[in-house]
Amino acid sequence: MLPYKSLFLINKNLKTPVYQQITNQFMHLIRNGTLKSGQKILSSRALSEVLGVHRKTIIMALDELLAQGWLETKQGSGTFVAKNLPEIKPQKLIENENVSIKKAGFSFESKPILQREVVKASDKLHLDDGFPDPRLAPLLDLSRAYRSNLIHGNSYVKLGYGDTKGSVWLRQELAKYLNESRGLKITADNILIVRGTMMAMYLLTTAFVKQGDKVVLSEKTWSSAKINFQHAGANILTIPTDENGIMVDALEEICQKQTVRLIYITSHHDYPTTVTLKADRRIKLLNLAQKYRFIIFEDDYDYDFHYQSKPLLPLASADDAGVVLYSGSFTKSISPAFRVGYLVAPEEVVEHLSNYRRIIDRQGDLMLENSIAELLQEGIIQKHLRKSLREYRERRDFFCELLGQKLKNEVSFQIPEGGMSVWAKFDKSIDLVKTAEKALKNGLYFSNGTQHNLPNNHINSTRLGFASSTLEELERCVEILKKSLVEI
(Lines give C-alpha, C1' and ligand atoms only; values in the text may rest on other atoms or scores of the structure.)
Protein backbone atom coordinates (compact mmCIF):
# COMPACT_ATOMS: atom_id res chain seq x y z
CA MET A 1 0.00 0.00 0.00
CA LEU A 2 1.25 3.49 -0.85
CA PRO A 3 2.22 5.79 2.05
CA TYR A 4 -0.58 8.29 1.28
CA LYS A 5 0.04 10.26 4.45
CA SER A 6 3.61 11.10 3.47
CA LEU A 7 2.78 11.66 -0.23
CA PHE A 8 0.15 14.34 0.39
CA LEU A 9 0.96 17.66 2.03
CA ILE A 10 -2.15 19.59 3.10
CA ASN A 11 -1.83 23.22 4.17
CA LYS A 12 -5.11 24.75 5.33
CA ASN A 13 -3.53 28.21 5.52
CA LEU A 14 -3.09 28.46 1.75
CA LYS A 15 -5.54 30.34 -0.45
CA THR A 16 -5.87 27.22 -2.64
CA PRO A 17 -8.84 25.15 -1.36
CA VAL A 18 -7.91 21.86 0.31
CA TYR A 19 -9.83 19.78 -2.23
CA GLN A 20 -7.87 21.49 -5.02
CA GLN A 21 -4.58 20.80 -3.22
CA ILE A 22 -5.50 17.10 -3.08
CA THR A 23 -6.59 17.14 -6.74
CA ASN A 24 -3.32 18.75 -7.86
CA GLN A 25 -1.20 16.35 -5.84
CA PHE A 26 -3.07 13.32 -7.21
CA MET A 27 -2.38 14.57 -10.76
CA HIS A 28 1.29 15.07 -9.89
CA LEU A 29 1.58 11.53 -8.50
CA ILE A 30 -0.01 10.12 -11.66
CA ARG A 31 2.19 12.21 -13.96
CA ASN A 32 5.44 11.18 -12.28
CA GLY A 33 4.47 7.49 -12.23
CA THR A 34 4.02 7.07 -8.48
CA LEU A 35 0.40 6.10 -9.15
CA LYS A 36 0.30 3.81 -12.17
CA SER A 37 -2.38 3.34 -14.81
CA GLY A 38 -5.04 0.91 -13.52
CA GLN A 39 -3.88 1.12 -9.90
CA LYS A 40 -6.63 1.08 -7.28
CA ILE A 41 -6.75 3.96 -4.83
CA LEU A 42 -8.15 4.14 -1.32
CA SER A 43 -11.85 4.77 -0.73
CA SER A 44 -13.04 8.24 0.15
CA ARG A 45 -13.64 7.19 3.73
CA ALA A 46 -10.14 5.70 4.08
CA LEU A 47 -8.50 8.71 2.42
CA SER A 48 -10.41 11.02 4.76
CA GLU A 49 -9.02 9.21 7.78
CA VAL A 50 -5.46 8.98 6.44
CA LEU A 51 -5.21 12.64 5.33
CA GLY A 52 -7.19 14.03 8.26
CA VAL A 53 -9.72 16.00 6.18
CA HIS A 54 -13.50 15.84 5.90
CA ARG A 55 -14.84 13.10 3.66
CA LYS A 56 -16.84 15.68 1.61
CA THR A 57 -13.54 17.37 0.73
CA ILE A 58 -12.15 14.02 -0.48
CA ILE A 59 -15.27 13.37 -2.54
CA MET A 60 -14.96 16.82 -4.18
CA ALA A 61 -11.35 16.04 -5.14
CA LEU A 62 -12.20 12.60 -6.51
CA ASP A 63 -15.14 13.96 -8.49
CA GLU A 64 -12.82 16.55 -10.07
CA LEU A 65 -10.29 13.86 -11.00
CA LEU A 66 -13.03 11.66 -12.45
CA ALA A 67 -14.39 14.57 -14.49
CA GLN A 68 -10.93 15.33 -15.90
CA GLY A 69 -10.32 11.68 -16.79
CA TRP A 70 -7.49 10.98 -14.35
CA LEU A 71 -9.55 8.39 -12.45
CA GLU A 72 -12.29 5.94 -13.34
CA THR A 73 -14.72 3.88 -11.28
CA LYS A 74 -15.75 0.24 -11.63
CA GLN A 75 -19.13 -0.73 -10.26
CA GLY A 76 -18.63 -2.70 -7.04
CA SER A 77 -14.82 -2.64 -7.35
CA GLY A 78 -13.80 0.90 -6.41
CA THR A 79 -11.86 3.80 -7.96
CA PHE A 80 -8.78 3.34 -10.14
CA VAL A 81 -6.22 5.40 -12.03
CA ALA A 82 -7.56 5.60 -15.57
CA LYS A 83 -6.29 2.78 -17.80
CA ASN A 84 -6.11 4.91 -20.95
CA LEU A 85 -3.28 6.99 -19.49
CA PRO A 86 0.21 6.18 -20.86
CA GLU A 87 2.46 4.19 -18.58
CA ILE A 88 4.91 6.50 -16.80
CA LYS A 89 7.99 5.24 -15.02
CA PRO A 90 8.57 6.73 -11.59
CA GLN A 91 11.07 9.61 -11.63
CA LYS A 92 13.89 9.85 -9.16
CA LEU A 93 13.39 12.46 -6.50
CA ILE A 94 15.59 15.49 -7.00
CA GLU A 95 16.76 17.87 -4.35
CA ASN A 96 14.78 20.82 -5.67
CA GLU A 97 11.65 20.03 -7.68
CA ASN A 98 11.26 23.69 -8.72
CA VAL A 99 14.35 23.77 -10.98
CA SER A 100 13.38 25.30 -14.33
CA ILE A 101 13.79 23.43 -17.61
CA LYS A 102 16.82 24.82 -19.45
CA LYS A 103 16.89 22.80 -22.68
CA ALA A 104 14.10 22.61 -25.24
CA GLY A 105 12.88 19.21 -26.37
CA PHE A 106 12.93 20.29 -30.01
CA SER A 107 15.36 21.89 -32.45
CA PHE A 108 15.39 25.53 -33.53
CA GLU A 109 17.74 28.00 -35.18
CA SER A 110 19.29 30.75 -33.08
CA LYS A 111 20.25 33.77 -35.20
CA PRO A 112 23.49 35.47 -34.05
CA ILE A 113 22.16 38.90 -35.11
CA LEU A 114 19.45 38.64 -32.45
CA GLN A 115 21.91 37.92 -29.64
CA ARG A 116 22.28 41.32 -28.01
CA GLU A 117 22.64 42.53 -24.48
CA VAL A 118 19.42 44.00 -23.12
CA VAL A 119 20.06 47.36 -21.48
CA LYS A 120 17.91 47.66 -18.36
CA ALA A 121 17.24 50.63 -16.14
CA SER A 122 19.24 50.73 -12.92
CA ASP A 123 19.76 53.11 -10.03
CA LYS A 124 23.34 53.80 -11.11
CA LEU A 125 24.42 57.12 -12.56
CA HIS A 126 24.12 57.00 -16.33
CA LEU A 127 25.04 58.73 -19.55
CA ASP A 128 22.57 56.65 -21.56
CA ASP A 129 21.69 56.49 -25.25
CA GLY A 130 19.54 59.61 -24.97
CA PHE A 131 16.48 58.90 -22.84
CA PRO A 132 14.05 61.34 -21.21
CA ASP A 133 13.90 61.99 -17.48
CA PRO A 134 10.76 60.25 -16.18
CA ARG A 135 10.85 62.56 -13.16
CA LEU A 136 9.66 65.33 -15.47
CA ALA A 137 6.82 63.29 -17.00
CA PRO A 138 3.21 64.37 -16.28
CA LEU A 139 2.53 61.19 -14.33
CA LEU A 140 -0.18 62.62 -12.08
CA ASP A 141 -2.09 63.92 -15.11
CA LEU A 142 -1.60 60.60 -16.88
CA SER A 143 -2.80 58.58 -13.88
CA ARG A 144 -5.85 60.85 -13.56
CA ALA A 145 -6.67 60.43 -17.24
CA TYR A 146 -6.12 56.66 -17.06
CA ARG A 147 -8.42 56.34 -14.06
CA SER A 148 -11.05 58.49 -15.76
CA ASN A 149 -10.97 56.41 -18.92
CA LEU A 150 -11.04 53.19 -16.94
CA ILE A 151 -14.09 54.12 -14.87
CA HIS A 152 -16.31 56.25 -17.11
CA GLY A 153 -18.09 55.26 -20.30
CA ASN A 154 -19.49 52.02 -21.69
CA SER A 155 -17.47 49.17 -20.15
CA TYR A 156 -18.25 46.71 -22.92
CA VAL A 157 -16.91 49.11 -25.54
CA LYS A 158 -13.89 50.52 -23.73
CA LEU A 159 -12.73 47.17 -22.28
CA GLY A 160 -13.50 45.07 -25.33
CA TYR A 161 -11.82 44.66 -28.68
CA GLY A 162 -11.09 47.87 -30.53
CA ASP A 163 -9.80 49.04 -33.89
CA THR A 164 -6.58 47.32 -34.92
CA LYS A 165 -5.34 50.71 -36.11
CA GLY A 166 -5.48 52.01 -32.54
CA SER A 167 -7.72 54.32 -30.54
CA VAL A 168 -9.78 56.51 -32.87
CA TRP A 169 -9.63 59.33 -30.33
CA LEU A 170 -5.84 59.20 -30.15
CA ARG A 171 -5.50 59.08 -33.93
CA GLN A 172 -7.74 62.13 -34.25
CA GLU A 173 -5.80 64.09 -31.63
CA LEU A 174 -2.47 62.99 -33.08
CA ALA A 175 -3.51 64.12 -36.55
CA LYS A 176 -4.27 67.60 -35.19
CA TYR A 177 -1.03 67.70 -33.19
CA LEU A 178 1.21 66.48 -36.02
CA ASN A 179 -0.42 68.83 -38.52
CA GLU A 180 0.18 71.79 -36.21
CA SER A 181 3.67 70.91 -34.98
CA ARG A 182 5.20 69.20 -38.03
CA GLY A 183 3.36 70.67 -41.00
CA LEU A 184 1.75 67.37 -41.99
CA LYS A 185 -1.50 67.20 -43.95
CA ILE A 186 -3.14 64.08 -42.55
CA THR A 187 -6.31 62.71 -40.97
CA ALA A 188 -6.84 59.92 -38.43
CA ASP A 189 -6.99 57.46 -41.35
CA ASN A 190 -3.30 58.14 -42.06
CA ILE A 191 -2.21 56.95 -38.62
CA LEU A 192 -1.49 53.47 -37.26
CA ILE A 193 -0.92 53.31 -33.50
CA VAL A 194 1.89 50.91 -32.56
CA ARG A 195 3.81 49.96 -29.42
CA GLY A 196 6.80 51.99 -30.59
CA THR A 197 9.10 52.55 -33.55
CA MET A 198 10.40 48.99 -33.26
CA MET A 199 6.93 47.58 -33.91
CA ALA A 200 6.41 49.98 -36.81
CA MET A 201 9.67 48.83 -38.33
CA TYR A 202 8.88 45.15 -37.84
CA LEU A 203 5.49 45.58 -39.51
CA LEU A 204 7.13 47.49 -42.32
CA THR A 205 9.78 44.86 -43.01
CA THR A 206 7.23 42.04 -42.77
CA ALA A 207 4.85 43.69 -45.22
CA PHE A 208 7.18 45.41 -47.68
CA VAL A 209 10.70 43.92 -47.58
CA LYS A 210 11.38 40.59 -49.26
CA GLN A 211 14.45 38.36 -49.26
CA GLY A 212 17.20 40.06 -51.26
CA ASP A 213 15.60 43.52 -51.43
CA LYS A 214 18.11 46.39 -51.31
CA VAL A 215 17.80 48.49 -48.15
CA VAL A 216 20.02 51.56 -47.67
CA LEU A 217 21.27 52.69 -44.25
CA SER A 218 23.85 55.21 -43.13
CA GLU A 219 27.24 53.68 -42.32
CA LYS A 220 26.73 54.42 -38.64
CA THR A 221 23.11 53.61 -37.90
CA TRP A 222 20.75 52.37 -35.22
CA SER A 223 21.65 48.71 -34.69
CA SER A 224 18.02 47.71 -33.99
CA ALA A 225 17.00 49.03 -37.40
CA LYS A 226 19.78 47.16 -39.14
CA ILE A 227 18.88 43.92 -37.36
CA ASN A 228 15.24 44.24 -38.42
CA PHE A 229 16.21 44.53 -42.06
CA GLN A 230 18.75 41.71 -41.79
CA HIS A 231 16.13 39.51 -40.16
CA ALA A 232 13.84 40.19 -43.13
CA GLY A 233 16.59 38.97 -45.48
CA ALA A 234 17.35 42.36 -46.99
CA ASN A 235 20.61 43.14 -48.75
CA ILE A 236 22.06 46.03 -46.72
CA LEU A 237 23.81 48.86 -48.58
CA THR A 238 25.40 51.79 -46.71
CA ILE A 239 26.14 55.43 -47.44
CA PRO A 240 28.37 57.82 -45.46
CA THR A 241 27.31 60.70 -43.22
CA ASP A 242 28.99 64.07 -42.79
CA GLU A 243 28.19 67.23 -40.82
CA ASN A 244 25.12 67.78 -43.05
CA GLY A 245 23.62 64.32 -42.64
CA ILE A 246 23.53 61.37 -45.00
CA MET A 247 25.28 61.94 -48.32
CA VAL A 248 22.37 61.75 -50.76
CA ASP A 249 24.68 61.87 -53.79
CA ALA A 250 26.01 58.45 -52.76
CA LEU A 251 22.43 57.16 -52.67
CA GLU A 252 21.83 58.47 -56.18
CA GLU A 253 24.86 56.55 -57.45
CA ILE A 254 23.42 53.37 -55.95
CA CYS A 255 19.99 54.01 -57.49
CA GLN A 256 21.54 54.42 -60.94
CA LYS A 257 22.95 50.88 -60.71
CA GLN A 258 20.57 48.93 -58.47
CA THR A 259 16.90 48.79 -57.51
CA VAL A 260 16.49 50.18 -54.00
CA ARG A 261 13.43 49.14 -52.02
CA LEU A 262 13.83 51.33 -48.93
CA ILE A 263 16.05 53.80 -47.12
CA TYR A 264 15.97 54.20 -43.35
CA ILE A 265 16.83 57.68 -42.04
CA THR A 266 16.78 59.68 -38.83
CA SER A 267 16.67 63.03 -40.60
CA HIS A 268 16.09 65.43 -37.72
CA HIS A 269 18.88 64.17 -35.45
CA ASP A 270 20.95 61.52 -37.19
CA TYR A 271 21.50 58.41 -35.12
CA PRO A 272 24.07 58.16 -33.66
CA THR A 273 25.88 61.38 -34.68
CA THR A 274 22.98 63.82 -33.87
CA VAL A 275 23.56 65.96 -37.03
CA THR A 276 20.56 67.32 -38.95
CA LEU A 277 19.89 66.46 -42.59
CA LYS A 278 20.06 69.79 -44.39
CA ALA A 279 17.26 71.17 -46.57
CA ASP A 280 18.91 70.70 -49.98
CA ARG A 281 19.58 67.04 -49.25
CA ARG A 282 16.00 66.54 -48.06
CA ILE A 283 14.66 67.88 -51.34
CA LYS A 284 16.98 65.68 -53.37
CA LEU A 285 16.11 62.60 -51.29
CA LEU A 286 12.39 63.11 -51.88
CA ASN A 287 13.00 63.60 -55.62
CA LEU A 288 15.06 60.39 -55.77
CA ALA A 289 12.35 58.43 -53.94
CA GLN A 290 9.72 59.65 -56.38
CA LYS A 291 11.92 58.97 -59.40
CA TYR A 292 13.11 55.50 -58.38
CA ARG A 293 9.97 54.59 -56.38
CA PHE A 294 11.55 53.48 -53.12
CA ILE A 295 10.24 53.86 -49.56
CA ILE A 296 11.65 56.42 -47.15
CA PHE A 297 11.23 55.25 -43.57
CA GLU A 298 11.65 58.44 -41.54
CA ASP A 299 12.30 57.71 -37.86
CA ASP A 300 11.72 61.03 -36.09
CA TYR A 301 12.52 59.83 -32.59
CA ASP A 302 13.04 63.20 -30.86
CA TYR A 303 11.65 65.95 -33.11
CA ASP A 304 10.20 67.86 -30.15
CA PHE A 305 13.63 68.56 -28.67
CA HIS A 306 15.39 71.09 -30.87
CA TYR A 307 17.21 73.81 -28.98
CA GLN A 308 17.55 76.43 -31.71
CA SER A 309 13.74 76.77 -31.83
CA LYS A 310 14.00 76.39 -35.61
CA PRO A 311 13.54 72.67 -36.32
CA LEU A 312 13.38 71.61 -39.95
CA LEU A 313 10.03 70.06 -40.82
CA PRO A 314 10.15 66.30 -41.48
CA LEU A 315 10.31 64.95 -45.02
CA ALA A 316 6.77 63.68 -44.52
CA SER A 317 5.52 67.29 -44.50
CA ALA A 318 6.67 67.75 -48.12
CA ASP A 319 5.69 64.31 -49.39
CA ASP A 320 2.95 64.55 -52.01
CA ALA A 321 3.80 61.26 -53.69
CA GLY A 322 3.15 58.91 -50.74
CA VAL A 323 6.74 57.61 -50.50
CA VAL A 324 7.47 58.56 -46.87
CA LEU A 325 6.45 56.43 -43.89
CA TYR A 326 6.87 58.63 -40.82
CA SER A 327 7.34 57.15 -37.35
CA GLY A 328 7.49 58.62 -33.86
CA SER A 329 6.60 57.68 -30.30
CA PHE A 330 5.93 58.96 -26.81
CA THR A 331 8.95 57.03 -25.53
CA LYS A 332 11.12 60.13 -25.70
CA SER A 333 8.46 62.61 -24.58
CA ILE A 334 7.13 60.68 -21.58
CA SER A 335 9.11 57.52 -20.74
CA PRO A 336 10.21 54.23 -22.38
CA ALA A 337 7.76 52.32 -20.15
CA PHE A 338 4.77 53.81 -21.99
CA ARG A 339 4.71 51.86 -25.22
CA VAL A 340 2.69 54.07 -27.53
CA GLY A 341 3.98 55.14 -30.91
CA TYR A 342 2.60 55.96 -34.32
CA LEU A 343 3.22 55.41 -38.00
CA VAL A 344 1.99 57.99 -40.51
CA ALA A 345 1.42 56.70 -44.04
CA PRO A 346 -1.00 56.75 -47.00
CA GLU A 347 -4.40 55.34 -46.04
CA GLU A 348 -4.01 52.12 -48.02
CA VAL A 349 -0.65 51.46 -46.32
CA VAL A 350 -2.19 51.96 -42.87
CA GLU A 351 -4.98 49.54 -43.80
CA HIS A 352 -2.48 47.01 -45.12
CA LEU A 353 -0.19 47.19 -42.09
CA SER A 354 -3.11 46.97 -39.67
CA ASN A 355 -3.82 43.50 -41.06
CA TYR A 356 -0.27 42.45 -40.17
CA ARG A 357 -0.47 44.12 -36.77
CA ARG A 358 -3.58 42.06 -36.01
CA ILE A 359 -1.73 38.74 -36.20
CA ILE A 360 1.03 39.74 -33.76
CA ASP A 361 -0.80 42.11 -31.41
CA ARG A 362 -4.58 42.37 -31.79
CA GLN A 363 -4.57 45.88 -30.38
CA GLY A 364 -2.63 48.10 -28.01
CA ASP A 365 -3.50 49.37 -24.55
CA LEU A 366 -6.73 51.17 -25.34
CA MET A 367 -6.90 52.75 -21.88
CA LEU A 368 -3.39 54.18 -22.20
CA GLU A 369 -4.01 55.35 -25.76
CA ASN A 370 -7.21 57.16 -24.74
CA SER A 371 -5.44 58.65 -21.73
CA ILE A 372 -2.74 60.12 -23.96
CA ALA A 373 -5.45 61.36 -26.31
CA GLU A 374 -7.05 63.18 -23.37
CA LEU A 375 -3.72 64.79 -22.40
CA LEU A 376 -3.18 65.90 -26.00
CA GLN A 377 -6.68 67.34 -26.19
CA GLU A 378 -6.16 69.25 -22.93
CA GLY A 379 -2.73 70.51 -24.06
CA ILE A 380 -0.95 68.83 -21.14
CA ILE A 381 1.56 66.91 -23.26
CA GLN A 382 2.33 70.05 -25.28
CA LYS A 383 2.94 71.96 -22.04
CA HIS A 384 5.14 69.14 -20.74
CA LEU A 385 7.21 69.18 -23.93
CA ARG A 386 7.81 72.94 -23.65
CA LYS A 387 8.89 72.55 -20.02
CA SER A 388 11.13 69.58 -20.83
CA LEU A 389 12.70 71.45 -23.74
CA ARG A 390 13.84 74.24 -21.41
CA GLU A 391 15.17 71.75 -18.87
CA TYR A 392 17.01 69.62 -21.43
CA ARG A 393 18.56 72.67 -23.06
CA GLU A 394 19.99 73.70 -19.70
CA ARG A 395 21.32 70.19 -19.13
CA ARG A 396 22.85 70.07 -22.62
CA ASP A 397 24.65 73.37 -22.11
CA PHE A 398 25.90 72.38 -18.66
CA PHE A 399 27.04 68.93 -19.80
CA CYS A 400 28.87 70.24 -22.87
CA GLU A 401 30.59 72.86 -20.72
CA LEU A 402 31.70 70.13 -18.29
CA LEU A 403 33.06 67.95 -21.11
CA GLY A 404 34.92 70.93 -22.53
CA GLN A 405 36.47 71.78 -19.16
CA LYS A 406 37.16 68.36 -17.64
CA LEU A 407 37.84 66.20 -20.70
CA LYS A 408 39.01 68.63 -23.40
CA ASN A 409 42.09 66.52 -24.18
CA GLU A 410 40.28 63.18 -24.19
CA VAL A 411 36.89 63.87 -25.83
CA SER A 412 35.90 65.93 -28.88
CA PHE A 413 32.31 66.73 -29.83
CA GLN A 414 29.96 69.18 -31.50
CA ILE A 415 27.26 70.75 -29.36
CA PRO A 416 24.08 69.10 -30.68
CA GLU A 417 21.36 71.37 -32.05
CA GLY A 418 18.76 69.05 -30.54
CA GLY A 419 18.13 65.62 -29.12
CA MET A 420 19.16 64.15 -25.79
CA SER A 421 22.74 63.02 -26.25
CA VAL A 422 26.20 64.12 -27.33
CA TRP A 423 28.17 62.22 -29.98
CA ALA A 424 31.50 61.93 -28.16
CA LYS A 425 34.69 61.02 -30.01
CA PHE A 426 37.33 59.72 -27.61
CA ASP A 427 41.04 60.15 -28.27
CA LYS A 428 42.67 57.08 -29.84
CA SER A 429 44.83 56.70 -26.73
CA ILE A 430 41.69 55.83 -24.70
CA ASP A 431 40.45 52.23 -24.45
CA LEU A 432 36.72 52.95 -24.52
CA VAL A 433 35.68 49.38 -23.72
CA LYS A 434 37.84 49.14 -20.60
CA THR A 435 36.88 52.68 -19.61
CA ALA A 436 33.17 51.74 -19.72
CA GLU A 437 33.86 48.64 -17.63
CA LYS A 438 35.80 50.61 -15.04
CA ALA A 439 33.16 53.35 -14.93
CA LEU A 440 30.45 50.77 -14.28
CA LYS A 441 32.40 49.49 -11.28
CA ASN A 442 32.62 53.09 -10.09
CA GLY A 443 28.84 53.52 -10.36
CA LEU A 444 28.43 55.04 -13.86
CA TYR A 445 26.87 53.36 -16.88
CA PHE A 446 27.53 54.42 -20.47
CA SER A 447 27.81 52.47 -23.71
CA ASN A 448 31.29 51.42 -24.84
CA GLY A 449 30.35 52.37 -28.42
CA THR A 450 31.37 49.11 -30.08
CA GLN A 451 28.01 48.89 -31.87
CA HIS A 452 28.91 52.06 -33.79
CA ASN A 453 32.20 50.73 -35.17
CA LEU A 454 32.44 50.27 -38.92
CA PRO A 455 34.01 47.22 -40.61
CA ASN A 456 37.78 47.63 -40.33
CA ASN A 457 37.31 51.03 -38.70
CA HIS A 458 37.33 51.36 -34.91
CA ILE A 459 35.86 54.85 -34.49
CA ASN A 460 36.18 54.96 -30.67
CA SER A 461 33.00 57.03 -30.27
CA THR A 462 29.78 56.72 -28.29
CA ARG A 463 26.59 58.56 -27.39
CA LEU A 464 26.50 60.20 -23.96
CA GLY A 465 22.93 61.00 -22.96
CA PHE A 466 22.43 64.03 -20.74
CA ALA A 467 18.64 64.49 -20.59
CA SER A 468 17.84 61.89 -17.93
CA SER A 469 20.24 63.32 -15.32
CA THR A 470 20.07 66.47 -13.19
CA LEU A 471 22.89 69.03 -13.23
CA GLU A 472 24.28 67.59 -10.00
CA GLU A 473 24.13 64.06 -11.40
CA LEU A 474 25.83 65.16 -14.62
CA GLU A 475 28.66 66.68 -12.63
CA ARG A 476 29.18 63.43 -10.76
CA CYS A 477 28.98 61.47 -14.04
CA VAL A 478 31.78 63.51 -15.61
CA GLU A 479 33.91 63.16 -12.48
CA ILE A 480 33.56 59.37 -12.58
CA LEU A 481 34.15 59.27 -16.32
CA LYS A 482 37.37 61.27 -15.95
CA LYS A 483 38.52 59.04 -13.08
CA SER A 484 37.73 55.89 -15.08
CA LEU A 485 39.68 56.69 -18.28
CA VAL A 486 41.92 53.83 -19.28
CA GLU A 487 44.75 54.38 -21.74
CA ILE A 488 45.72 51.80 -24.31
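# Questions on a predicted model

Reader: Is E351 buried, partly exposed or exposed?
Author: In this predicted model, E351 has a relative accessibility of 40%. Buried residues fall under 20% and exposed ones over 50%, with a middle class in between. The value for E351 therefore puts this residue in the class partly exposed.

Reader: Which residue forms a salt bridge with E351, and how many residues apart is the pair?
Author: The partner of E351 is K165, with the closest N and O atoms 3.0 Å apart. This pair links distant parts of the chain, since E351 belongs to helix α12 (residues 347–360) and K165 to the loop between α6 and α7. The separation of E351 and K165 is 186 residues.

Reader: Is K165 buried or exposed?
Author: The relative accessible area of K165 is 14%. The cut-off for burial is under 20%, so K165 is buried.

Reader: Which residues are joined into one network by salt bridges that share partners?
Author: A network arises where salt bridges have partners in common. The residues joined in this way are D133, R135, E391, R395 and E473.

Reader: How many residues apart in sequence are R135 and E473, which form a salt bridge?
Author: The closest N and O atoms of R135 and E473 are 3.0 Å apart. R135 lies in the loop between β3 (125–127) and α5, whereas E473 is in helix α16 (residues 471–484), so their pairing ties together parts with a sequence separation of 338 residues.

Reader: What is the relative accessible area of E473, and is this residue buried or exposed?
Author: The relative accessible area of E473 is 18%. Burial needs a value under 20%, so E473 is buried.

Reader: Where do E378 and R144 lie, and how many residues apart are they?
Author: The side chains of E378 and R144 meet in a salt bridge, at 3.1 Å from N to O. E378 is in the loop between α13 (366–377) and α14 (380–406), and R144 is in helix α5, so the bridge ties together parts whose distance in sequence is 234 residues.

Reader: Are E378 and R144 buried, partly exposed or exposed?
Author: E378 has a relative accessible area of 43%. For R144 the relative accessibility is 35%. The middle class runs from 20% to 50%, so E378 and R144 each count as partly exposed.

Reader: Which backbone oxygen does the side chain of S143 reach?
Author: S143 has its place in helix α5 (residues 139–151). At 41% relative accessibility, S143 counts as partly exposed. Its side chain comes to 2.8 Å from the backbone oxygen of L140.

Reader: How far apart in space are S143 and L368?
Author: In sequence, 225 residues separate S143 from L368. From C-alpha to C-alpha, S143 and L368 are apart in space by 9.4 Å.

Reader: What is the area of the nonpolar surface patch that includes I151?
Author: I151 is placed in helix α5 and counts as partly exposed, at 45% relative accessibility. The patch is made by I151 together with L150 and L159. Its area is about 280 Å².

Reader: Beyond its neighbours within four places in sequence, which residues is S167 in contact with?
Author: S167 lies in the loop between α6 (155–158) and α7 (168–182). With 3% relative accessibility, S167 counts as buried. A polar atom of its side chain is 3.3 Å from the backbone nitrogen of W169. Leaving aside neighbours within four places in sequence, the contacts of S167 are I193, L366, E369 and N370.

Reader: Which backbone oxygen does the side chain of S218 reach?
Author: S218 is in strand β5 (residues 214–218) and counts as buried, at 6% relative accessibility. Leaving aside neighbours within four places in sequence, S218 is in contact with T238, I239, T241, I246, D270 and Y271. At 2.7 Å, the side chain of S218 reaches the backbone oxygen of K220.

Reader: How far apart are the end C-alpha atoms of helix α2?
Author: Helix α2 (residues 18–31) has 14 residues. At 1.5 Å a residue, its expected span is 20 Å. The distance between its end C-alpha atoms agrees with this, at 20 Å.

Reader: Which elements do the buried residues of α2 pack against?
Author: Ten of the 14 residues of α2 are buried, so the helix is largely enclosed by the rest of the structure. Among the buried residues are V18, I22, F26 and I30. The elements that the buried residues pack against are α1 (4–7), α3 (44–51), α4 (55–68), β1 (71–74) and β2 (78–81).

How values were computed
Residues numbered from 1 in each chain as written. Predicted model: local features only at pLDDT ≥ 70, side-chain atom pairs only at ≥ 80, totals over all residues. Heavy atoms only, no water. Helix = DSSP H or I, 4+ residues; strand = E, 2+ residues; numbered from the N terminus. Expected span 1.5 Å × (residues − 1). Buried < 20%, exposed > 50% of the residue type's maximum accessible area, 1.4 Å probe, protein only. Contact = heavy atoms within 4.5 Å. Polar contact = N/O pair within 3.5 Å; in protein donor to acceptor, adjacent residues only side chain to side chain. Patch = residues over 30% accessible without salt bridge, like charges linked within 9 Å, V, L, I, M, F, W, Y side chains within 5 Å. Areas by Shrake-Rupley, 256 points an atom, 1.4 Å probe, with all protein chains shown as cover. Salt bridge = Lys/Arg side-chain N within 4 Å of Asp/Glu carboxyl O.
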